[in-house]
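Colleague: Could you take a close look at one part of this model and describe what surrounds it? Please set out each criterion as you use it.

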Amino acid sequence: MMSSSINKGKETAQGSSRSSTIPSSANMDHSNQNPPALSRYESQKRRDWNTFGQYLRNHRPPVALSQCSSNNVLEFLRYLDQFGKTKVHLQRCIFFGQPDPQGPCTCPLKQAWGSLDALIGRLRAAYEENGGSPETNPFASGAIKVYLKEVRDSQAKARGIPYKKKKKKRNPIKGSEEGSSNFAMQ
């Protein structure tokens, strides 16, 4: 029995060496038949879109995509919390507001704000790519923006790390182009 598995391994190795002797023009023709590999972002967007579609089909009663509203999206985001990995301390927890808690607690795990924000961005794009109108996009509604802001703020408080919006850096050289050109001439 062991020798048969060894022989199979040899056949596989020989088979792979045979495929490497195929002329490169044949390989190029074959690669043109397959669609190009999707980027990580595109793959994740497709996976998220399919997951959301499955969620709507499993909803009781099922919801057609054309009837989907921001309330369905909010339900979906809350549903995803059960699969979260981010500990969000409750106000009554002794570790509430501490960035590095000293021990375990029974506070719930939730989806991290950054993950939800990225998910909504991908779903917003997928909705429009799949024929949805930007004006009716449930992922771009004000209710979703408010929900994400509340999640961000509550998670920041629970961890004791205030969220501060990063300011765009200004390029000091850009405003003084004349000065830099004079400097280069000297």
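Modeller: Helices (H or I, at least four residues) and strands (E, at least two) are DSSP runs, numbered from the N terminus. The model is predicted, and local features require a pLDDT of at least 70, side-chain atom pairs a pLDDT of 80 or more, while totals for chains, interfaces and linings use all residues. Residue numbers start from 1 along each chain as its sequence is written, and side-chain values use heavy atoms, without hydrogens or water.

The part I have chosen is helix H6, which runs over residues 142–159. Its setting is a protein chain with eight helices and two strands. Read from the N terminus, the order of these elements is α-α-α-α-β-β-α-α-α-α.

The length of H6 comes first. The expected span of a helix is 1.5 Å times one less than its number of residues. For the 18 residues of H6 this gives 26 Å, and the C-alpha atoms at its ends are 26 Å apart, so expectation and model agree.

The next matter is which side of the helix faces inward. A residue is buried under 20% relative accessible area, exposed over 50% and partly exposed in between (1.4 Å probe, protein chains only). In H6 the buried residues are Ile144, Tyr147, Leu148, Val151, Gln155, Ala156 and Ala158. These residues lie on the same side of H6, because they cover an arc of only 165° around the axis, the arc being that of the directions from the helix axis to the C-beta atoms. Lys145, Glu150 and Lys157 are exposed on the face of H6 turned away from that buried side. Across the protein chain of 186 residues, buried residues make up 24%.

The buried residues of H6 pack against helix H4 (70–80) and helix H5 (113–129), where contact means heavy atoms within 4.5 Å. On the H4 side, Ser70 is a helix residue and counts as buried because its relative accessibility is 18%. Setting aside residues up to four places away in sequence, Ser70 touches Pro138, Ser141, Ala143 and Ile144. Ile144 is also one of the buried residues of H6.

The other partner, H5, has 17 residues and reaches 24 Å from its first C-alpha to its last, close to the 24 Å expected at 1.5 Å a residue. Its buried residues are Leu116, Leu119, Ile120, Arg122, Leu123, Ala126 and Tyr127, and what covers them includes H3 and H4 as well as H6. Just after H5, Gly131 adopts a positive phi of about 95°. H6 is likewise followed by a glycine with positive phi, Gly160, where the angle is near 75°.

H3 extends the picture, since H4 and H5 are among the elements that cover its buried residues. This helix (residues 40–58) has 19 residues and reaches 27 Å between its first and last C-alpha atoms, close to the 27 Å expected at 1.5 Å a residue. Lys45, Asp48, Trp49, Phe52, Gly53, Tyr55 and Leu56 are buried in H3. Their arc around the axis is only 155°, which puts them on the same side of H3. Arg40 and Arg46 are exposed on the other side of H3.

The loop between H3 and H4 contains His59, which counts as buried because its relative accessibility is 18%. Apart from neighbours within four places in sequence, His59 is in contact with Asn72 and Glu75.

A further link involves Ala158, one of the buried residues of H6. The C-alpha atoms of Ala158 and Gln91 are separated by 7.3 Å, although the two residues are 67 positions apart along the chain. Gln91 is found in the loop between strand E1 (86–87) and strand E2 (109–110), and it is exposed because its relative accessible area is 67%. For the protein chain in general, 59% of the contacts with a separation of 6 or more join residues 24 or more positions apart.

Finally, there are zero disulfides in the structure, a disulfide being a pair of cysteine sulfur atoms within 2.5 Å. Cys93 is in no disulfide, and the nearest cysteine sulfur, that of Cys107, lies 3.5 Å away. With 15% relative accessibility, Cys93 counts as buried. The sulfur of Cys105 is 3.7 Å from its closest cysteine sulfur, in Cys107, and is therefore too far for a bond.
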